[in-house]
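Here are a few exercises to work through with the model open on your screen. Try each one yourself before reading the solution.

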Amino acid sequence: MLVPIFTLKLGQKIHSRRVTIGKYDGQRPCLTAATTAGKVFVHNPHSQAVEGGRVTTVNTDISLLNINQQVSAVCAGQLGGSENDVLVVGTPTTLLAYNVQDNTDVFYKDVPDGVNVLTVGQLGTTSSPLAIAGGNCSLQGFDYEGNDQFWTVTGDNVCSLALCDFTGDGQNELLVGSEDFDIRVFKDDEMINEMTETEAITCICPLYCNRFAYALSNGTVGVYEKSNRLWRIKSKNQAIALCSYDLNGDGVPELITGWSSGKIDARNDKTGEVIFKDNMAASVAGIVKGDYRLDGKEELICCSVDGEVRGYLPSSPQASDNLMGVDIAQEMLRDLSQKRQNLLLELKNYEENMKVSQSMQSSGGVDVDQSKLGIIPANTQLQTSLHVNPGSEHVLPSVELSIATSNEMIIRAVMIFAEGIFDGECHVVHPLQTSLSNSLQVSIFPPRDYPVDLHIKAFVGTKTSSQFHVFEITRQLPRFALYTLYPGEVLEPSSSVEFHINERVNRVVLWINQNFLLLEEIEAVNGQLDVAFQSLRTHTPLVIRMQQNGNVTLKTDDMDLAGEVIQAMTTFLKIEELQTTADFPIQMDDLNNILVKVDELHSAGQKLTAEMADHSNLIRSLVVRAEDARLMGDMKNMRRGYMELYDLNRDLVNGYKIRCNNHTELLNCLKMVNQIIQRAGNLRVGKHKSSMISSCRQAIKSSNMSSLFKIIKAGVQ
């Protein structure tokens with residue numbers, strides 16, 4: 001168990017998820033966090049702060065760093081320049097690496113894609129540690145000198161980052177959580193794994209070996225071991241911070257979670273069982289760990305948004321039994337009492353069924369209570385099937401799940417548990433008493449193309465039953481469920497992807513039959529495959545062709561769909577490297593228009609910045625002239641000067657608003673560019689994907705747009 005050993009009131013409001021700890025002198029840890037006023041404070045209880053440069057001293061323990069922008073992320077770690085930790089601060093437009101000990105900037109970089117989240121450490125085979133920034137659909141890593149050593153794109157805005165030895169090879173992989181509900185694993189700049197969740201991934205925390213924890217924006221917290229989820233729980237509150245900390249000294253850290261309600265809990269990393277709870281007066285802002293008292297013991301340090309800091313240490317084994325707390329003991333007692341009530345109710349049902357059975361035997365097999373107690377024939381089975389409903393003018397296309405019993409027993413209710421399908425964790429169908437039957441249909445609307453397990457629980461009995469048997473069954477919804485065979489002659493798309501694989505046509509046919517929801521399985525004709533599907537969401541065609549020699553052609557105008565088909569097919573066929581030739585004229589025209597707009601926005605931004613600089617210089621001269629007139633008693637010129645100053649300040653504010661709008665539009669355009677590069681990358685597999693993304697980055701940096709289009713098409717420069 002944990003016991004609180006110190007509490008501090010810093011008097012500083014703290015931004016959620018912007019808390020870190022660093023040894024800026026190489027020895028003594030200092031708590032660091034972003035404040036709500038665009039500053040970063042450093043709390044150092046072991047030495048007196050020195051004022052100057054960016055530093056403003058609040059008291060002997062706290063120094064404020066003036067960032068003069070909204071702080072979006074903070075992180076501390078060794079970047080390789082010395083043994084001291086470096087403080088890295090991200091804003092929506094810049095990245096600052098700061099040497100707190102020397103009160104100097106290590107580097108200051110403009111980051112057009114913005115900085116949403118930061119992590120510092122060794123990534124894969126890189127020669128030195130990197131400060132890795134996750135921003136607008138992109139990942140960027142800087143070394144100690146500020147050199148751009150790592151860059152790649154990801155599916156959406158980055159929400160969380162962590163370095164973890166995911167593969168167990170002794171090198172760190174980068175775990176990336178984004179707004180498109182995916183956790184991606186990058187080995188250097190190559191994506192090697194992807195896990196789909198139900199909401200945006202707000203936190204990722206490495207635990208032990210290749211085990212890591214994650215938190216979602218809907219209050220879900222869970223743990224993965226590699227790509228296998230061990231457990232997850234959901235709360236009505238949001239998990240703000242995750243941290244790993246060894247409570248019991250067994251060498252395996254437990255998961256510490258800080259919640260928006262102020263609750264702090266510790267869970268077993270394998271089972272999710274709660275083993276410790278505490279509460280703060282306000283929402284948790286961050287959780288870190290360090291030897292803050294310099295006594296050789298690493299404390300767990302929890303911060304709240306109102307500036308309260310609380311430090312914890314594990315209790316001694318002798319005192320652990322007394323540290324459970326009254327609340328936890330009462331909760332355990334309530335759980336045991338609830339289990340007892342459930343077991344007693346179950347025993348009562350068994351006894352009543354036994355009485356009915358004995359009564360039936362004594363009365364020749366007839367008893368009026370049989371139906372009320374839900375006794376059903378022993379051979380009752382639950383049957384399920386899936387088929388596609390193409391929809392109509394007023395009905396959306398859907399997948400129809402049919403559930404039926406094998407006899408006349410009725411279905412009283414059905415609960416379906418599935419991830420990311422329904423508004424919530426499950427969907428309940430409860431027919432009216434007048435419409436009860438032995439079959440039921442449920443419409444399912446998959447929002448995206450990914451496989452989903454449908455966990456079905458059906459309550460089966462007679463129409464007069466007050467107790468029901470529960471049947472449990474699991475069906476998998478295929479990845480491309482909302483596609484049907486194209487009706488009639490196909491108007492072939494203008495876009496296509498071509499590649500070669502060393503596989504038999506029948507293997508690709510098997511993949512299609514498993515991943516599409518078809519009434520009848522398709523077959524190869526004369527050793528060749530030629531099949532056309534229609535997307536029921538967009539009503540656009542998807543054509544898949546394969547020849548005996550292994551040449552495959554995909555035709556679709558949707559680059560996202562082409563990438564998903566290629567990634568799913570290569571995963572099924574266990575293909576680790578694949579180069580393709582892609583021709584998407586519509587997307588290339590869109591990209592060209594976006595790049596032209598980016599150039600225009602860059603030019604407009606530079607012009608606005610220059611005008612604001614000129615206005616700032618003019619303001620200084622006007623202030624001097626107006627003050628000179630005031631000192632000389634020339635009230636007329638003083639008023640004229642301040643009126644001009646007022647007008648100039650108004651123009652400056654309006655110019656700043658225009659500049660902000662320009663920057664927002666520029667960010668949106670850069671996001672679209674990054675997403676097109678990501679889609680083009682998904683058309684390749686393995687090293688060909690990472691090399692294509694890297695080549696695209698170099699072409700954009702050198703403003704070689706013709707080369708960029710060639711790279712997207714051919715995959716090589």
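What follows is a set of exercises, each with a worked solution.

Keep in mind that this is a predicted model: local features need pLDDT of at least 70, side-chain atom pairs count only at pLDDT 80 or more, and totals for chains, interfaces and linings use all residues. Residues are numbered from 1 along each chain as its sequence is written, and side-chain values use heavy atoms, with hydrogens and water left out.

**Exercise 1.** Work out how H7 and H8 pack.

Step 1: find the elements. Helices (H or I, at least four residues) and strands (E, at least two) are DSSP runs, numbered from the N terminus. H7 covers residues 687-701 and H8 covers residues 705-714.

Step 2: get the geometry. The angle is about 170° and the axes are 8 Å apart; axes are lines fitted to C-alpha atoms, for helices over the stretch in contact, and angles run from 0 to 180 degrees between N-to-C directions.

Step 3: name the arrangement. Angles over 145 degrees count as roughly antiparallel, so H7 and H8 are roughly antiparallel to each other.

Step 4: look at who touches whom (contact means heavy atoms within 4.5 Å). From H7, Met692, Ser695, Cys696, Ala699 and Ile700 meet Met705, Ser707, Leu708, Ile711 and Ile712 of H8. Sorted by type, that's 8 nonpolar, 2 polar and no charged (nonpolar: Ala, Val, Leu, Ile, Met, Phe, Trp, Tyr, Cys and Pro; charged: Asp, Glu, Lys and Arg; polar: the others, Gly among them).

**Exercise 2.** Trace the open sheet of 6 strands and find its edges.

Step 1: read off the order, E37-E39-E40-E41-E38-E42, with antiparallel pairing. Two strands pair if DSSP finds at least two bridges between them.

Step 2: check the ends. E37 (483-485) and E42 (581-583) each have a single partner strand, so one side of each has no neighbour in the sheet. The twist from one strand to the next averages 20°.

Step 3: zoom in on E42. Its antiparallel link to E38 (residues 496-500) consists of 3 bridges, and glutamate 498 sits opposite threonine 581.

Step 4: add the helix. H3 (residues 505-515) lies across E39 (529-535) and E40 (541-546), at about 20° to E39.

**Exercise 3.** Which strands are the edge strands in the sheet E19-E20-E21-E22?

Step 1: this open sheet has 4 strands with antiparallel pairing.

Step 2: E19 (201-208) and E22 (228-234) are the edges, each pairing on one side only.

Step 3: E19 joins E20 (residues 211-216) through 6 bridges, with isoleucine 204 partnered by tyrosine 214.

Conventions
Angles under 35 degrees count as roughly parallel, over 145 as roughly antiparallel, 65 to 115 as roughly perpendicular and the rest as oblique.
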